[in-house]
Amino acid sequence: MEERVTLKKVITVVKLSLFVTWFWPLPQSASKRKLLCMQLYQCVSLLLTAAVIASMVYAVVQNLDDLDLVIKSALGVFPCSHVIWNILCHLAIYQRIQRVTYKMENFRAFLKPCERAIVQREYVNKYAQFYGFCIGMFYMSLFGMFVGPVVLDQPLPAPAEFPFDASRQPLRVITYTHQIIVGLFIASQLSVNAFMALLLWLASARFKLLIEDLRSVTKFRDFVKCVEKHQQLLEYAGEVALTVRIFALGTIFFSTVTLLVFGLIFVTRASPALKIECVFLAISALLEVFMYAWPAEHLIHISSDVGQAAFETDWYNDCSETFRKTLQMIILRSQKPILVVLPCGLPSLSLRYYASYLSTIFSYFTTMRMMFEEQNNES
């Protein structure tokens, strides 16, 4: 029976979700002209996003007495800032992203049928639906923003103001189209989380295939090939971790700031409609961080399991000193798992980190609520 969702389809969906911002790297054989076009396109994206941020900041300055508008504008600034962060990071480490993506696509292209079955069963069938749901949610939220001016009493999708009359034509069409384009940028850049998670999951899949190879080893020559493959895989996984961590840092920072603003909304006199809207946005922010923590946790365990698989081989049947030294080397190296260590002195990504992250966020909420209640009692 043919699988409905395959690894090839997963990669295609992720690539399409990044199409708007041209985030998926070009092939290594691409000409300098195409590379220059991509960089110019992303620079234009930066300028368009910065213009939307400026309009929302202007709205805040002009309406400091309107709490709902100030909060909505502030919440709009954070995802736009996230777009700028991701684009700048993409431009800064483009060659590394291109390199790891090229190796990932090569891995998918040269999978043997038995290996493809393992990847399908252990990874695609288990994890693809969750990330597909997240990508769909990002773009559906964007659709809700598009129809906002039609359903609600608001002139534009984003709470922005301008030093000119934007209600007249053709300025209204231009500003409306501008905000829709930047909204597409936001949805696409949020889908970068799925792209980074895909790199982590497929790095784990390569460790899984290596473990299966070690369990089927019968000759010393085959074992040496597994050791060489392990060394290459460690280098690749380390490069993936370095690529992912800078985007994970941006996601965690902007999600944290957004969640803190949500906490302020719930302890202030914001409208009930705004509070309901913020519940869905808070769930989205928490899912963004989880999209990194889940594959990072799996990578920690699967990279450590290589040593156990090597130990379970029939090493006692081979008394040669060379075999024992080679076995010892792979076991010792597996005791240092691959970690996605966040920059700026933050801990490595894992489910334990995600649990502590949730605990910290809720403690911030509790502290803000207590401070607000004390202020009300004093007044």
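User: Which residues of α2 and α7 meet in this predicted model?

Analyst: The model is indeed predicted. From α2 come Tyr41, Ser45, Leu48, Thr49, Ala51 and Val52. They meet His178, Ile181, Val182 and Phe185 in α7. By character, the residues of this contact divide into seven nonpolar, three polar and no charged.

User: How should I read the spacing of those numbers?

Analyst: Start with the general idea. An α-helix has 3.6 residues a turn, so residues three or four places apart point the same way. Now look at the case here. On the α7 side the contact uses His178, Ile181, Val182 and Phe185. On the α2 side, Tyr41, Ser45, Leu48 and Val52 are among the partners.

User: At what angle do α2 and α7 pack, and how far apart are their axes?

Analyst: Helix α2 covers residues 32–62 and helix α7 covers residues 171–190. They pack at an angle of about 115 degrees, with axes 10 Å apart. The crossing of α2 past α7 is left-handed.

User: What span should α7 have, and what does the model give?

Analyst: The expected rise is 1.5 Å a residue, so the 20 residues of α7 should span 28 Å. The end C-alpha atoms of α7 lie 29 Å apart, which agrees. Apply the test to α8, residues 192–215. This helix has 24 residues and reaches 35 Å from first C-alpha to last, close to the 34 Å expected.

User: How many residues of α8 are buried?

Analyst: For α8, 20 of 24 residues are buried, and the helix is mostly covered. In α7 the buried residues include Thr175, His178, Val182, Phe185 and Ser188. Of these, His178, Val182 and Phe185 also take part in the contact with α2.

User: Why does serine 188 count as buried?

Analyst: Check relative accessibility against the cut-off, which is under 20%. Serine 188 has 0%, so it counts as buried. This residue sits in helix α7. Then ask what covers it. Leaving aside neighbours within four places in sequence, serine 188 is in contact with Ser17, Leu18, Phe19, Val20, Thr21 and Tyr139.

User: Is glycine 307 buried or exposed?

Analyst: Its relative accessibility is 8%, so glycine 307 counts as buried. Glycine 307 lies in helix α10, residues 272–311. Beyond residues up to four places away, glycine 307 touches Ile330, Ile331 and Ser334. Glutamine 335 is 28 residues away in sequence, yet the C-alpha atoms of the pair are 7.2 Å apart.

User: Where is tryptophan 22, and what is its phi?

Analyst: Tryptophan 22 is in the loop between α1 (7–17) and α2. Its phi is near 55 degrees, a positive value in a residue other than glycine. Tryptophan 22 has a relative accessible area of 30%, so it is partly exposed.

User: Which residues have the most contacts inside the largest nonpolar core?

Analyst: They are Phe195, Met196, Phe207, Leu214, Phe247 and Leu349, in a core of 103 residues. Take leucine 349 as the case. Not counting residues up to four places away, leucine 349 touches Ala248, Ile252, Tyr292, Ala296, Glu297, Ile300, Val340 and Leu342.

User: How many helices and strands does the chain have?

Analyst: The protein chain has 12 helices and zero strands. Of its 379 residues, 46% count as buried. For sequence range, take contacts with a separation of 6 or more: residues 24 or more positions apart account for 81% of them.

Methods
Residues are numbered from 1 along each chain as its sequence is written. This is a predicted model: local features need pLDDT of at least 70, side-chain atom pairs count only at pLDDT 80 or more; totals for chains, interfaces and linings use all residues. Side-chain values use heavy atoms; hydrogens and water are left out. Axes are lines fitted to C-alpha atoms, for helices over the stretch in contact, and angles run from 0 to 180 degrees between N-to-C directions. Helices (H or I, at least four residues) and strands (E, at least two) are DSSP runs, numbered from the N terminus. A crossing is left-handed if the near helix is turned anticlockwise from the far one by less than a right angle, and right-handed if clockwise. Contact means heavy atoms within 4.5 Å. Ala, Val, Leu, Ile, Met, Phe, Trp, Tyr, Cys and Pro count as nonpolar, Asp, Glu, Lys and Arg as charged, and the others, Gly among them, as polar. The expected span of a helix is 1.5 Å times one less than its number of residues. Buried means under 20% relative accessible area, exposed over 50%, partly exposed in between (1.4 Å probe, protein chains only). A nonpolar core is a set of buried Ala, Val, Leu, Ile, Met, Phe, Trp, Tyr and Cys residues joined through side-chain atoms within 4.5 Å.
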